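Reader: Could you walk me through the structure with the reasoning spelled out? I would like to see how each label follows from its value.

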Amino acid sequence: MQNNTPWPAPKVAIVGQGAIGSLIGFKCQKLGYEVQHLVRRQRQQSYCTVTDLAGKTHHLTPNTGLITQPQQFDLLLVPVKAYQVLPVLRQLQSFITPQQVIVLLHNGMGTTEQVKESFPNNPLIAATTSYGALKPDANTLIETGKGHTHFGWLGQVDTATKQAIEPVLSALLPPSYWHQDINLALWKKLAINAVINPLSAIHNVRNGELADHQYQRDISTLCDEIAKVMTAQGYSISSAELNKNAQQVIAATANNYSSMHQDLKFNRKSEIEFITGYVCAKANELNCPVPFNQRLLEQVTRLESVN
Ligand code: KPL
């Protein structure tokens, strides 16, 4: 494994070993980056078998370290559930210095404001990716889909930091796009999740079943409401474009169960508050009614509480 970057690559720390975090860890190793996964508990056997998109199997031993005792790092990737972002960063607070760059990568929106407030001196990046990965058990990772990745700095950052960090991140899950305003990309992904996740969870179906005629009215209503909120926010977008994006993801992930479906099935907390909840909160601020999103928010919240 070689370092393909023209300068000493920054030391990378990845919070957790979820599917996307593990995929990024695997890519870091392939690129020759120095990388550690920060975990709550050290397991005895931390080997991992990775099946890549070409079906090739790789065996690796991820470098793990306790989140309470991280090794030195320059770049902190936080690919965890939206509601875990602030708690894990607070846990790491005493190890975080103002030079370290923090990258947030999760479904939903609303965490960046909180992180900016708690870490006002750190360069922050928000990211979203459509790469797919599955982790059927702790030692197995399957790369299920090549996607694309969008990044954006949240606030002003000096050129040296940009030059050191952007190529490192761009190489991980290519093609990568850097945005002046990442919020439009985040809203577009939010719209996809606000359509697929609650509907698949409530109706207990795989993503692909949402292509069925019976769901099209609900999908159109959700897209109409979200397009109105986005437009009121200054992101001029049509309901038809959001609908087209959602239908593409429904087709591309037809056999998958959405993360929210799985969260409810396995009695885990879902990200509804950061997906549909964020749409409703912004709609409320902007005086822009979203009754169907509101109904789905209540339905999923109720399903979560009976679990
Ligand atoms: O991000 C997803 C999720 O399940 O959370 C989608 C894009 C809907 C794929 O399942």
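Author: Gladly! This is a predicted model. Let us begin with the aromatic side chains: ring pairs join Phe151, Trp153 and Trp178 into a cluster. Three aromatic pairs turn up in a search of the whole structure.

Reader: Why is the pair of Trp153 and Trp178 called stacked?

Author: Two values settle that. The ring centres are 6.0 Å apart and the planes meet at 25°. A pair needs centres within 6.5 Å, and planes under 30 degrees apart count as stacked, so Trp153 and Trp178 form a stacked pair. Trp153 belongs to strand β11 (residues 149–153) and Trp178 to strand β12 (residues 176–178), so the pair ties together parts that are 25 residues apart in sequence.

Reader: What makes Trp153 buried or exposed?

Author: Its relative accessibility is 9%. Buried means under 20%, so Trp153 counts as buried. Trp178 has a relative accessible area of 27%. That value falls between the limits of 20% and 50%, so Trp178 is partly exposed.

Reader: Which label fits the pair of Trp187 and Tyr278?

Author: Tilted. The centre-to-centre distance is 5.7 Å and the angle between the planes is 55°. Stacked needs planes under 30 degrees apart and edge-to-face needs over 60, with the rest called tilted, so Trp187 and Tyr278 are a tilted pair. Trp187 sits in helix α5 (residues 183–203) and Tyr278 in helix α9 (residues 276–285), so this pair links distant parts of the chain, 91 residues apart. Both residues, Trp187 and Tyr278, are buried.

Reader: How do you know that Lys269 lies over the face of Tyr83?

Author: Lys269 is at 5.1 Å from the ring centre of Tyr83. The distance limit for a charge over a ring is 6 Å, and there is also an angular limit of 35 degrees from the ring normal. Lys269 is listed as lying over the face of Tyr83.

Reader: Now the ligand, please. Which residues surround the ligand?

Author: The shell holds Asn107, Lys189, Asn193, Ile196, Asn197, Asn207, Val249, Ser258 and Ser259. Helix α5 gives the most to this shell, with four residues. By class, the shell has two nonpolar, six polar and one charged residue.

Reader: What makes the approach of Ser259 to the ligand a polar contact?

Author: An N or O atom in the side chain of Ser259 is 2.5 Å from an oxygen atom of the ligand. The cut-off for a pair of N or O atoms is 3.5 Å, so this pair of Ser259 and the ligand qualifies. The side chain of Asn207 has an N or O atom 2.9 Å from a ligand oxygen atom, and a polar side-chain atom of Asn197 lies 3.2 Å from an oxygen atom of the ligand. As for cover, the ligand has 280 Å² of accessible area on its own, and the protein covers 83% of that.

Reader: How do you know that the bond from Pro174 to Pro175 is cis?

Author: Omega is near -5° for that peptide bond, and the bond is cis. Pro175 is found in the loop between α4 (159–170) and β12.

Reader: What is notable about the phi of Asn204?

Author: Phi is positive, about 55°, although Asn204 is not a glycine. Asn204 is in the loop between α5 and α6 (216–232). With 55% relative accessibility, set against the limit of over 50%, Asn204 counts as exposed. Asn267, in the loop between α8 and α9, also has a positive phi, near 55°, in a residue other than glycine. Asn267 has 53% relative accessibility and counts as exposed.

Reader: Why is Cys288 given its accessibility label?

Author: The relative accessibility of Cys288 is 12%. Under 20% means buried, so Cys288 counts as buried. Cys288 lies in the loop between α9 and α10 (291–306). Its C-alpha atom is separated by 8.5 Å from that of Glu225, 63 residues apart along the chain.

Reader: And what label goes with Ala254?

Author: Partly exposed, at a relative accessible area of 28%. Ala254 is placed in the loop between α7 (239–252) and α8 (259–265). The C-alpha atoms of Ala254 and Arg206 are separated by 6.6 Å, with their positions 48 residues apart along the chain.

Technical notes. Residues numbered from 1 in each chain as written. Predicted model: local features only at pLDDT ≥ 70, side-chain atom pairs only at ≥ 80, totals over all residues. Heavy atoms only, no water. Helix = DSSP H or I, 4+ residues; strand = E, 2+ residues; numbered from the N terminus. Buried < 20%, exposed > 50% of the residue type's maximum accessible area, 1.4 Å probe, protein only. Near = heavy atom within 4 Å. Polar contact = N/O pair within 3.5 Å; in protein donor to acceptor, adjacent residues only side chain to side chain. Areas by Shrake-Rupley, 256 points an atom, 1.4 Å probe, with all protein chains shown as cover. Nonpolar A, V, L, I, M, F, W, Y, C, P; charged D, E, K, R; others polar.
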